[in-house]
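Q: I am new to this structure and would like a close look at a single part of it. Please take one residue as the starting point and work outward from there.

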Amino acid sequence: MCGIVGYVGSRDAAPLLMEGLARLEYRGYDSAGLAIHDGKEIGIRRAPGKLRVLSRLLERKPLSGTLGIGHTRWATHGRPSEENAHPHRAGRVVVVHNGILENHSELRQRLEKKGRRFTSQTDTEVFAHLIDEELGRKPLEEAVRRALRYVRGTYALAVLCADQPDRIVATKNASPLVVGLCQNENLVASDVPAILEHTRKFVFIEDGELALVQAGRVKIQTPDGKPVRRRSRHIGWSPLMAEKGGHKHFMHKEIHEQPRALADTLTGRVLRDSADVHLDSVKLRVRDLKNLSRIVIVACGTSWHAGLVGKFLIERFARIPVEVDLASEFRYRGPILSDRDLVVAISQSGETADTLAAVREARKLGARVLCICNVMDSGIPRTSDHVLYTHAGPEIGVASTKAFVTQMAALFLLAVRLGRARKTLSEKEARKQLAALAAAPEHIERILKNEPHIQEIARAFHTTKAFLFIARGINYPIALEGALKLKEISYIHAEGYPAGEMKHGPIALIEKDVAVVAVATKNSTYEKVLSNLSEVRARDGQVIAICNQRDKKIETYSPHLLPVPATLDTVEPLLTILPLQLLAYHIANFNGTDVDQPRNLAKSVTVE
Ligand code: M6R
């Protein structure tokens, strides 16, 4: 996601903050900015685009001072532009923010009624106004604490105040925040690599805590103002390890980011009170949704797999026929579309040439296009009529992981919205579905805790020459995705199949050196998958099963079990993919392949 750096001490802050931001560049961003206190007032410089644009601005209009905060922004609310770049100012207060404020619209309305004027489209500016409202003659930390009473959402926040030129106040909820300790100067950052050059002594701030950071001291407090005593940690990471947050590969880091990525994608969209979904920036009216005759999903690779899950969800909740097309095939078969069709294009990067071409073709044929995308203002959102952004944050590993999970979540939300608008999904059922969806981030955390066991299974199978992934129903795309993950990063031959198709061909491959990975969770197809596994066992094939916890029956089919928590079948793909991502990752890691940049592959495929 976005990056934060802050400094208080005796050195010139601007160059130091620019270096810190440069160390976060690898994560991706689309605008940047600095706020520097010169002892009298706070100067702000912001620019869309890369840091060099901000550098040039600072050359023309320098800032000097020994207290400051800086930010690289990955746009979520409001397009990448100067006015949406951080820092944001309201009165005497200046803030930078990572994360997503869930109730920003209602807070903004309330503040506007009080006469507050907003200059950006961001959720962040709300923070600045709330803190300024509370400030009066209070210490900044007290005003921040009071302002936080009104907000819901995820955040890491660093705040300056024009008439308190000796301090940064920082706080967090769900987004990371660290304080770097030095001699007579201190730093804050969203990520260790930003400030690793200056210190190895870090204090990790916990959710809800507030840090008062001054040159000579750092005070941490609980949400209700009680002092926190926390020992600093020595971080011995190399700069490269630090970029990866201590993980060996970006892919591993991104797998572990999935609870947060999923929660951010749901934040502000699941309306529990009304058992419905609010899809910001999707301006389709209820009448439009009711009149749809068909949905056509277009995408490539992993995004196409998400589309297959989406078909299941939309048909189940909204009772609209859904076709799922590979974008690379779509325009070459003379597709038939009309203005009653909605085309849903799915892309992490928003730049995939085939998907972009499919979007153009669909619009030419008169269909409306809604895209699900992770990169704001990229080509596909710019070419579509409506956009539903996933909030996975930058994905650097070539193998898509957190983008996939958030794409499925976005499709889930869309399916519920359609179902509610078309009255094919009852309020009771919508409530049940949304509650199960909201519980998914926690379930994912639990699966991630089982990683050592998954690693052991990967060790046992890393020399296996061929894998068959099988599943049924909504998990069938997960078999495809599990196979794709394994083949792209380990170069081991792997195929995904609907389990029911096994006896129509692939069963001929089964022998003792072939591993069959099956999704065998206890849903309506459970018994059928078990009978497929019997067929595998009868031919000496080895079975790895994704199953539910405490399933005794499955133990008779395989000793290699990868349990996931039980949930509704509609939510299962968000969980069942996790062990498969980790299995692929550890097999590749045992084999020593280049996990983050596998041979012959590019993160964004901008050519046909
Ligand atoms: O950026 P997109 O989602 O449009 O990319 C589509 C595919 O190129 C992508 O999912 C690819 O299959 C990944 N390497 C899968 O891990």
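Which residue's side chain is joined to that of Gln-433 by a polar contact, and at what distance?

A: The model is a predicted one. The side chain of Gln-433 makes a polar contact with the side chain of Glu-429, at 2.8 Å.

Gln-433 sits in helix α15, which spans residues 427-449. With a relative accessible area of 2%, Gln-433 falls under the 20% limit and therefore counts as buried. Setting aside residues up to four places away in sequence, Gln-433 touches Phe-317, Phe-412, Leu-568 and Thr-570.

One of these, Phe-412, leads to the helix before α15. Helix α14 covers residues 402-421, and its axis comes within 10 Å of the axis of α15. The two axes cross at roughly 170°. Angles over 145 degrees count as roughly antiparallel, so α14 and α15 are roughly antiparallel to each other. On the α14 side, the contact is made by Val-405, Phe-412, Leu-413, Val-416 and Arg-420. On the α15 side, the residues are Glu-427, Ala-430, Gln-433, Leu-434, Leu-437 and Ile-444. Gln-433 is thus part of this contact. Sorted by class, the contact between α14 and α15 holds 8 nonpolar, 1 polar and 2 charged residues.

Next comes the other neighbour of α15. Helix α16 runs over residues 451-461, and its axis lies 5 Å from that of α15. The packing angle between α15 and α16 is about 50°. That angle makes α15 oblique to α16. Ile-447, Leu-448 and Lys-449 supply the α15 side of this contact, while Glu-451, Pro-452 and Ile-454 supply the α16 side. By class, the residues in the contact of α15 with α16 are 4 nonpolar, no polar and 2 charged.

Ile-454 can be followed a little further. This residue belongs to helix α16. Its relative accessible area is 1%, so Ile-454 is buried. Apart from residues up to four places away in sequence, Ile-454 touches Ile-447, Leu-562, Pro-579, Leu-582 and Leu-583. Ile-447 is on the α15 side of the contact with α16. Pro-579, Leu-582 and Leu-583 are touched by Ile-454, and helix α19 spans 572-591. Ile-454 and Val-405 are 49 residues apart along the chain, and their C-alpha atoms are separated by 19 Å. Val-405 is one of the α14 residues in the contact with α15.

The segment after α19 contains Lys-603. At 27% relative accessibility, Lys-603 is counted as partly exposed. Leaving out neighbours within four places in sequence, Lys-603 is in contact with Gln-348, Glu-395, Ile-396, Gly-397, Val-398, Ala-399 and Ser-400. Lys-603 and Asp-224 are 379 residues apart along the chain, and 45 Å separates their C-alpha atoms.

Some of the residues that Lys-603 touches also matter for describing the ligand's surroundings, among them Gln-348, Val-398 and Ser-400. There are 14 residues around the ligand, and Ser-303, Ser-347, Gln-348, Thr-352 and Glu-488 come nearest. A polar side-chain atom of Ser-303 is 2.6 Å from an oxygen atom of the ligand. At Val-398, a polar backbone atom is 3.3 Å from a nitrogen atom of the ligand. At Ser-400, a backbone N or O atom lies 2.8 Å from an oxygen atom of the ligand.

Some backbone details in other loops complete the account. Most residues other than glycine have a negative phi, and most peptide bonds are trans. His-86 and Pro-87 are joined by a cis peptide bond, with omega about 0°. Pro-87 is placed in the loop between β4 (67-73) and β5 (88-90). Asn-184, in the loop between β9 (178-181) and β10 (186-189), has a positive phi near 55°. Its relative accessible area is 55%, so Asn-184 is exposed. Asp-540 also has a positive phi, near 65°, and lies in the loop between α18 (526-538) and β25 (542-548). Asp-540 is exposed, with a relative accessible area of 52%.

To return to the starting point, Gln-433 is buried, has a 2.8 Å polar contact with Glu-429 through their side chains, and takes part in the contact of α14 with α15.

Definitions and conventions. Residues are numbered from 1 along each chain as its sequence is written. This is a predicted model: local features need pLDDT of at least 70, side-chain atom pairs count only at pLDDT 80 or more; totals for chains, interfaces and linings use all residues. Side-chain values use heavy atoms; hydrogens and water are left out. Helices (H or I, at least four residues) and strands (E, at least two) are DSSP runs, numbered from the N terminus. Buried means under 20% relative accessible area, exposed over 50%, partly exposed in between (1.4 Å probe, protein chains only). A polar contact is a pair of N or O atoms within 3.5 Å; within protein, one must be able to donate a hydrogen and the other to accept it, and residues adjacent in sequence count only if both atoms are side-chain atoms. Contact means heavy atoms within 4.5 Å. Axes are lines fitted to C-alpha atoms, for helices over the stretch in contact, and angles run from 0 to 180 degrees between N-to-C directions. Angles under 35 degrees count as roughly parallel, over 145 as roughly antiparallel, 65 to 115 as roughly perpendicular and the rest as oblique. Ala, Val, Leu, Ile, Met, Phe, Trp, Tyr, Cys and Pro count as nonpolar, Asp, Glu, Lys and Arg as charged, and the others, Gly among them, as polar. A residue is near a molecule or strand if one of its heavy atoms lies within 4 Å of it.
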